[in-house]
Amino acid sequence: MNPKVQEFVCKVAGAYVSFHLEDIQSLWSGYGKIMRYGLKGADHKTVIVKHVQLMNKAFHPRGWDTDLSHQRKIKSYHVESAWYRDWAQYCDDSCRVPKCFGLEESEDEFLIVLEDLDASGFPRRIDEVVVEEHVFACLKWLANFHATFMGKKPEGLWEVGTYWHLDTRPDELKALVDKDLKAAAPLIDQQLSSARYQTFVHGDAKLANFCFSEDGRQVAAVDFQYVGGGCGMKDVAYFIGSCLHEEECERYEAELLRCYFSELRKALTARDSDIDLDDLEREWRGLYDIAWTDFHRFVKGWNPDHWKIHSYSERQARQVLDKLLSTSE
């Protein structure tokens, strides 16, 4: 038991007693852990506690434990704190996120006390997609999230969201042996950053960061360390690539994009947006392959043996590279 954590949880959750129930998971590179705490005397029986304790030197399972990596991780926790403090309140039930009861941040420690989504109707975690409803539910969440923050300035967040953004990953770019992909990396980044329509991207919208209802049709999202500005296709391409195998990515691409853009149109219309929906869809559809190639660039530098590097990704990237490099000559 950590008396400091117990006291803080009681304070922000309105309980007279708080107690550790279980460790849910350790944070990446050993920066802390996520726990479930029980409460007495509060409106909720349980809360989730994210406790980050920074170290001078982190251990990274793939050896990327540089000072740059450490500083990026520190910023990511400041960003997540800013997200819950200043922005999460704008998410409604269509893009559900956990309620934040309280947070505390310092130079070397972060405490975030969150709603327990298991207790709020999102108890399922899905490691592998087994029915299409799972994918559709996540794409609907992304569409509503992007609609909610369309055109907003990401104050306090990453200026450019996603954990693989080029400017924050020079080591992985240096390690990249694909010369054409390395040469085109700034052009790819420029295409995405100069898109007319910008929103907030979740930045790590993989299947593991979605919590599902019992029937699998509703989702809530967690882990906002890399939320920031960007084109929504970054989230969409990354999500599809995170949960579908190579042949499925190709077979269902058209259907999944139709689903996403249909939901995006509904979400923007419901929010009385004056955006030209046809123009938005035209621009973002044209950036889907670019966004896919952007992440492909990162993975090939970070882990050349990763399962996401397959023939579909290589073909997507090759088409993008042929176009970009020919027009830049």
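1. Surface first. The protein exposes about 15400 Å², and carbon and sulfur atoms supply 48% of that area. Do keep in mind, as you read on, that this is a predicted model. Buried residues make up 55% of the 329 residues.

2. Overall build. I count along with you 9 helices and 9 strands in the protein. The radius of gyration is 20 Å, close to the 20 Å that the globule rule gives for 329 residues, so the protein is as compact as a globular protein of that length. The C-alpha trace spans about 65 × 45 × 35 Å along its principal axes. Of the contacts with a separation of 6 or more, 73% are between residues 24 or more positions apart.

3. Helix α3. This helix covers residues 132–148. Its 17 residues should span 24 Å at 1.5 Å a residue, and the end C-alpha atoms are 24 Å apart, which agrees. As for its surroundings, 13 of the 17 residues of α3 are buried, so the helix is largely enclosed by the rest of the structure.

4. Thr162, worth a look on your screen. Thr162 is found in the loop between α3 and α4, the latter being residues 170–175. Its phi is positive, about 90 degrees, although Thr162 is not a glycine. For context, most residues other than glycine have a negative phi. With a relative accessibility of 2%, Thr162 counts as buried, because the cut-off for that class is under 20%.

5. Asp223, a second positive phi. Here the angle is near 70 degrees, again in a residue other than glycine. Asp223 lies in the loop between β8 (219–221) and β9 (228–230). Its relative accessibility is 21%, so Asp223 counts as partly exposed.

6. Helix α5, start and length. At the start of α5, a side-chain oxygen of Asp178 comes to within 3.3 Å of the backbone nitrogen of Asp180. The helix itself takes in residues 179–193. For these 15 residues the expected span is 21 Å at 1.5 Å a residue, and the end C-alpha atoms are 22 Å apart, which agrees.

7. Helix α5, bend and buried residues. The helix bends by about 45 degrees at Ala185, and a proline, Pro186, follows within four residues. The buried residues in α5 are Leu181, Ala184, Ala185, Ile188, Asp189 and Leu192. A helix has 3.6 residues a turn, so residues three or four places apart point the same way. It may help to have that in mind when you view this list of buried residues.

8. Arg297, a contact partner of α5. Which residues does Arg297 touch, leaving aside its neighbours within four places in sequence? Its contacts are Trp164, His165, Leu166, Arg169, Leu173, Leu176, Leu181 and Ala185. Two of these names, Leu181 and Ala185, also appear among the buried residues of α5, and Ala185 is where that helix bends. Arg297 sits in helix α8, and at 2% relative accessibility this arginine counts as buried.

9. Asp278, also in α8. Asp278 belongs to this helix, which covers residues 277–302. Is Asp278 buried or partly exposed? With a relative accessible area of 44%, Asp278 is partly exposed. Its side chain makes a polar contact of 2.6 Å with the side chain of Arg265. Asp278 and Arg265 are 13 residues apart along the chain, and their C-alpha atoms are separated by 9.1 Å.

Note on methods
Residues numbered from 1 in each chain as written. Predicted model: local features only at pLDDT ≥ 70, side-chain atom pairs only at ≥ 80, totals over all residues. Heavy atoms only, no water. Helix = DSSP H or I, 4+ residues; strand = E, 2+ residues; numbered from the N terminus. Expected span 1.5 Å × (residues − 1). Bend = angle between axes of the 7 residues up to and from the residue. Buried < 20%, exposed > 50% of the residue type's maximum accessible area, 1.4 Å probe, protein only. Polar contact = N/O pair within 3.5 Å; in protein donor to acceptor, adjacent residues only side chain to side chain. Rg over C-alpha atoms; globule rule 2.2 N^0.38 Å. Contact = heavy atoms within 4.5 Å. Areas by Shrake-Rupley, 256 points an atom, 1.4 Å probe, with all protein chains shown as cover.
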